[in-house]
Amino acid sequence: MSATAEAMASSAAAFSPAGDVVIDCNLERVFYGDFLAVRDSKLPIEKGKITGFIGPSGCGKSTVLRSLNRMNDLIPVFRLEGHVKYHGQDVYAKKVDPVVVRRFIGMVFQQPNPFSMSIYDNVAFGLRLNRFKGGIEERVQQALERAALWTEVKDKLNKSGLSLSGGQQQRLCIARAIATEPDVLLMDEPCSALDPIATRQVEQLMLELKEHYTVALVTHNMQQATRVADTTAFFGVDISEGGRTGYLVEMGETAQIFEDPQEELTKQYVAGEFS
Ligand SMILES: Nc1ncnc2c1ncn2[C@@H]1O[C@H](COP(=O)(O)OP(=O)(O)OP(=O)(O)O)[C@@H](O)[C@H]1O
């Protein structure tokens, strides 16, 4: 590691949030096969807050996000050194079932991906999978209300989820993700396929969701981070040793990252000097 990169990595480790930490993530090294994709990234994800991940393309934002709920397990060559602890428990411990991890740490993807089934069944899907014992109808309604979609779909719950607009489909996917009452929601560029109006609706929804859930959000859009994120983690790409390895440059309150960044690289990035 170069001296500059080392200094950046150690300063990033200094961030300690005031509130409760739900996920204590310390990614020492993350590999895809022999490729070192991410190193030296300590990210405490704080309860009831939105933590935004920003940085140039390929800096590992999605890799880090997907490491939090073992979504990367689906990639055979993925390997992680370090730990991800959810309420103190190592989610990568041998005895831990990744399906259970994802039940508590849910995910919303870049492209709205409703299943080819009714709006109702989309939301009820996870409840049935988890053999939910309570009233499914009530839970479906509550999830759709929390996803700010209920009034738009309450009279057509039997229509296909695919018949909705892009923004509605994304809110349906959010309803599907929250129906099983996860604790944490991981959102990987949830607005990148949406128009500006639908984007604003989903952003407003994120602000409402943090009343009930802890949110980690990958975004390419710096304005979006300033609008919704309480805390922002900025990642850079280290090319000093001939590779392209992402690492956490700086993490802090969103206002501090954008108005008073401590690292030169963060300053340049938030000033739009590179993307
Ligand atoms: N399944 C995979 N197999 C091999 N390499 C991968 C895989 N997924 C990602 N990578 C590599 O890991 C690095 C980090 O990728 P990642 O998608 O996490 O970055 P990102 O910051 O989210 O990028 P973007 O902003 O472009 O979406 C990149 O060099 C990418 O090519």
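## Exercises on a predicted model

In the shell around the ligand, β2 (35-46) and α2 (61-67) each supply at least two residues; helices (H or I, at least four residues) and strands (E, at least two) are DSSP runs, numbered from the N terminus. This is a predicted model, in which local features need pLDDT of at least 70 and side-chain atom pairs count only at pLDDT 80 or more, while totals for chains, interfaces and linings use all residues. Residues are numbered from 1 along each chain as its sequence is written.

**Exercise 1.** Describe the residues that surround the ligand.

*Solution.* Begin with the count: 15 residues surround the ligand, and the closest are Tyr-32, Ser-57, Lys-61, Ser-62 and Thr-63. A residue is near a molecule if its C-beta atom, placed from the backbone, lies within 6 Å of it. Next, look for the main contributor, which is α2, since the largest share of the shell, three residues, comes from there.

**Exercise 2.** Compare the span of α8 with the expected one, and then work out how its buried residues are arranged around the axis.

*Solution.* Helix α8 (residues 196-209) has 14 residues and reaches 20 Å from its first C-alpha to its last, close to the 20 Å expected at 1.5 Å a residue, where the expected span is 1.5 Å times one less than the number of residues. The buried residues of α8 are Val-202, Glu-203, Leu-205, Met-206 and Leu-209. Because these cover an arc of only 160 degrees around the axis, they lie on the same side of α8; the arc is that of the directions from the helix axis to the C-beta atoms. On the other side of α8, Pro-196, Ile-197 and Glu-208 are exposed. A residue counts as buried if 20 or more other C-beta atoms lie within 10 Å of its own, exposed if 12 or fewer, and partly exposed in between, with C-beta atoms placed from the backbone.

**Exercise 3.** Decide whether Ala-147 is buried or exposed, and name residues that it touches.

*Solution.* First locate Ala-147, which is found in the loop between α5 and α6 (150-153). With 25 other C-beta atoms within 10 Å, Ala-147 is buried. Leaving out residues up to four places away in sequence, Ala-147 touches Arg-171, Ile-174, Ala-175, Ile-178 and Leu-205, where contact requires C-beta atoms, placed from the backbone, within 7 Å. Finally, the C-alpha atoms of Ala-147 and Arg-176 are separated by 9.0 Å, although the two are 29 residues apart along the chain.

Notes: Contact = placed C-beta atoms within 7 Å.
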